[in-house]
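Here's a quick tour for anyone meeting this structure for the first time. Have a look at the model, and then we'll walk through it together.

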Protein chains: 2
Amino acid sequence: MPRSPAANAELALLLEVAGTPKPGNVDRERDVADLRFEHFLAGAVGARPGLERAAAGAPVGEAFEDAVAGMAEHGRNTQFGCLLLLVPLVRAAARDDCTPEGVADVVADTTVADAAGFYRAFEHADVAVSDPPEEMAALDVRRGADAIPALESRGTTLADVLAAGAPDDGVATLRGDPDSLAELGDGNAAEWCGGFARSFDAAERIAAGEGPILERTADVFLALLGEGLDTLLAKQHGLEAAFEVRERARDLHESGASREAVSAFGDELVARGWNPGTTADAVAAGLFVALERGVSV
Amino acid sequence: MPRSPAANAELALLLEVAGTPKPGNVDRERDVADLRFEHFLAGAVGARPGLERAAAGAPVGEAFEDAVAGMAEHGRNTQFGCLLLLVPLVRAAARDDCTPEGVADVVADTTVADAAGFYRAFEHADVAVSDPPEEMAALDVRRGADAIPALESRGTTLADVLAAGAPDDGVATLRGDPDSLAELGDGNAAEWCGGFARSFDAAERIAAGEGPILERTADVFLALLGEGLDTLLAKQHGLEAAFEVRERARDLHESGASREAVSAFGDELVARGWNPGTTADAVAAGLFVALERGVSV
């Protein structure tokens with residue numbers, strides 16, 4: 001009995017949080033601040049009806065809002081970013097086209113109503129965001145549903161919203177040395193605008209890896225963390241924090257550091273309150289694509 | 001957005017495996033033999049469609065078979081026993097009667113067709129069972145679907161099947177000192193025939209406990225392990241093993257032993273290959289009832 005796309009998306013959320021060690025993030029060995037492992041379990045289960053709606057053809061924005069509302073018991077944000085990647089991927093998979101082109105089509109088809117669903121989703125959970133550029137103030141996601149009239153009058157689709165938040169040069173910017181948070185933008189927006197390049201790349205590495213899937217998950221997390229700036233970390237703690245984490249993760253990954261060394265790096269990140277959560281989002285998306293391609297648990 | 005009964009059942013499976021330390025069982029800190037943590041995550045996700053069918057009113061035996069088939073990727077048995085308890089509890093909850101009386105009604109309503117579904121479920125997963133009494137040889141569950149003609153000719157319902165496997169005196173037998181495996185019977189069959197007494201008891205303790213739900217889960221596991229013989233352990237390693245584990249768990253629980261001491265007991269059980277899995281089944285059922293009653297994660 002093969003798992004449905006929604007089931008694979010839920011399982012991807014669960015495997016992501018269970019991949020260990022995942023420095024700075026919740027994993028089997030670690031809770032982080034007020035977020036505990038079980039909150040991610042409940043978040044994954046709660047998101048499933050929204051993921052089912054995405055698979056069944058509901059508007060992407062509505063399905064995303066439902067998934068976030070189901071995830072966010074007590075307003076906790078455990079997997080908002082993961083769901084932002086998973087919802088269009090689930091839709092593409094339900095169309096039997098879980099490819100960069102297939103998900104780009106889903107993005108291109110989004111509407112103003114989808115943008116409204118995305119804004120409403122921010123009312124369900126506490127999400128870290130940066131100040132938007134001045135001309136976008138009316139569309140600050142922190143306004144939630146209050147921004148919907150501005151979306152409608154400007155005819156802004158969900159793809160437009162995410163394009164405004166993406167780095168100018170997508171993944172290349174994450175790998176480079178941007179001068180400002182505005183130049184860096186958001187890693188998940190970069191995925192939306194760039195054919196989900198990191199997600200599919202993560203999927204290929206997971207599929208090509210050896211050993212238990214949770215070890216491959218941890219390995220791919222460290223690899224991605226060493227290759228691209230984590231934009232959640234940058235928003236919360238500044239660009240220098242993101243540069244430092246990228247460099248140290250790269251060194252650990254390239255040197256084939258022991259599990260203990262990677263865990264010790266995680267201890268340090270947790271002590272500083274540094275949480276590279278956007279990288280975890282790409283890993284969850286990669287797990288989903290890998291499961292869809294038949295990688296087994 | 002409240003979780004549905006099927007979602008709560010899936011979450012109960014996830015919380016059960018994440019409760020740590022749970023001596024002798026897979027938990028956040030430990031994989032056991034060929035069963036890894038991620039197999040339980042996939043098992044929970046895979047079981048969901050069967051649990052949804054149970055909630056929607058499908059015959060209990062069919063819903064159970066579906067749940068087991070979805071759980072058992074590659075034939076692995078991660079949560080067969082948990083599902084045997086959860087399926088009737090989900091049905092009772094979907095009828096807004098998740099009480100000992102409500103689930104007893106579900107049991108009483110089972111049919112010969114439900115028994116056939118139960119037997120078919122054994123074809124999907126590798127389940128530990130004992131030899132049946134001689135007069136029941138035609139109904140040995142290891143015969144799978146081959147036993148269905150005998151069920152039909154005898155008019156044996158699923159409640160009848162489980163009554164044949166239950167200890168003569170239910171929970172009291174688990175707490176006593178039976179002389180043989182036949183006298184001991186099966187702990188999950190005892191639940192089916194005894195109003196799910198241990199499951200509801202576990203739920204009350206989880207609801208009354210304090211601290212993170214995974215700590216309460218581990219505490220209730222140790223409490224139950226110290227109160228009743230684990231019938232999976234007895235079947236696989238003999239009555240003396242079950243007596244010993246019950247006594248040592250009781251000592252650890254009554255003395256308020258440290259997490260380290262409980263983990264060390266787990267190390268020892270794992271080294272001996274002793275897996276008290278039936279106790280984990282009751283904990284999963286207790287978590288489900290607690291979630292249905294509004295306990296939050």
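Let's start with one pair of side chains: B:R28 and A:D31 meet in a salt bridge, with 3.1 Å from N to O. Keep in mind that this is a predicted model.

How many salt bridges are there between chain A and chain B? The count is four. Polar contacts add to the picture, with 11 residue pairs between chain A and chain B in polar contact, both partners at pLDDT 80 or more.

Which elements give two or more residues to the side of chain A that touches chain B? There are helices from several parts of chain A on the list, shown here with their residue ranges.

| Element of chain A | Residues |
|---|---|
| α1 | 5–18 |
| α2 | 37–56 |
| α3 | 60–71 |
| α13 | 213–227 |

The largest share comes from α2(A), which puts eight residues into the side of chain A that touches chain B. By residue type, that side of chain A splits into 16 nonpolar, 13 charged and four polar residues.

Now step back to the whole interface. Here 33 residues of chain A are in contact with 33 residues of chain B. Between them, chain A and chain B bury about 2600 Å², and 62% of that is on carbon and sulfur atoms. Three residues stand out: A:R28, A:V45 and A:V297 supply 26% of the area that chain A buries against chain B, more than any other three residues.

How do the two copies sit relative to each other? A turn of 180° with a shift of 0.0 Å along the axis lays chain A on chain B, with an RMSD of 0.0 Å. The two copies are therefore related as by a two-fold rotation axis. In chain A, the C-alpha nearest that axis belongs to A:R28, 2.7 Å from it. The same surface serves both copies, as 100% of the contact residues of chain A recur in chain B.

Finally, a stop inside chain B. Is helix α6 of chain B, residues 112–121, mostly covered or mostly uncovered? It's mostly covered, with seven of its 10 residues buried. The buried residues of α6(B) include B:F118 and B:Y119, along with B:D114. Among the elements that cover the buried residues of α6(B) are α3, α4, α7 and α8 of chain B. At the N-terminal end of α6(B), B:T111 acts as a cap: a side-chain oxygen of B:T111 lies 3.2 Å from the backbone nitrogen of B:A113.

Technical notes
Residues numbered from 1 in each chain as written. Chains lettered and ligands numbered in written order. Predicted model: local features only at pLDDT ≥ 70, side-chain atom pairs only at ≥ 80, totals over all residues. Heavy atoms only, no water. Least-squares fit on C-alpha atoms with pLDDT ≥ 70 in both. Contact = heavy atoms within 4.5 Å. Buried area = accessible area lost by both parts, 1.4 Å probe. Polar contact = N/O pair within 3.5 Å; in protein donor to acceptor, adjacent residues only side chain to side chain. Helix = DSSP H or I, 4+ residues; strand = E, 2+ residues; numbered from the N terminus. Nonpolar A, V, L, I, M, F, W, Y, C, P; charged D, E, K, R; others polar. Buried < 20%, exposed > 50% of the residue type's maximum accessible area, 1.4 Å probe, protein only.
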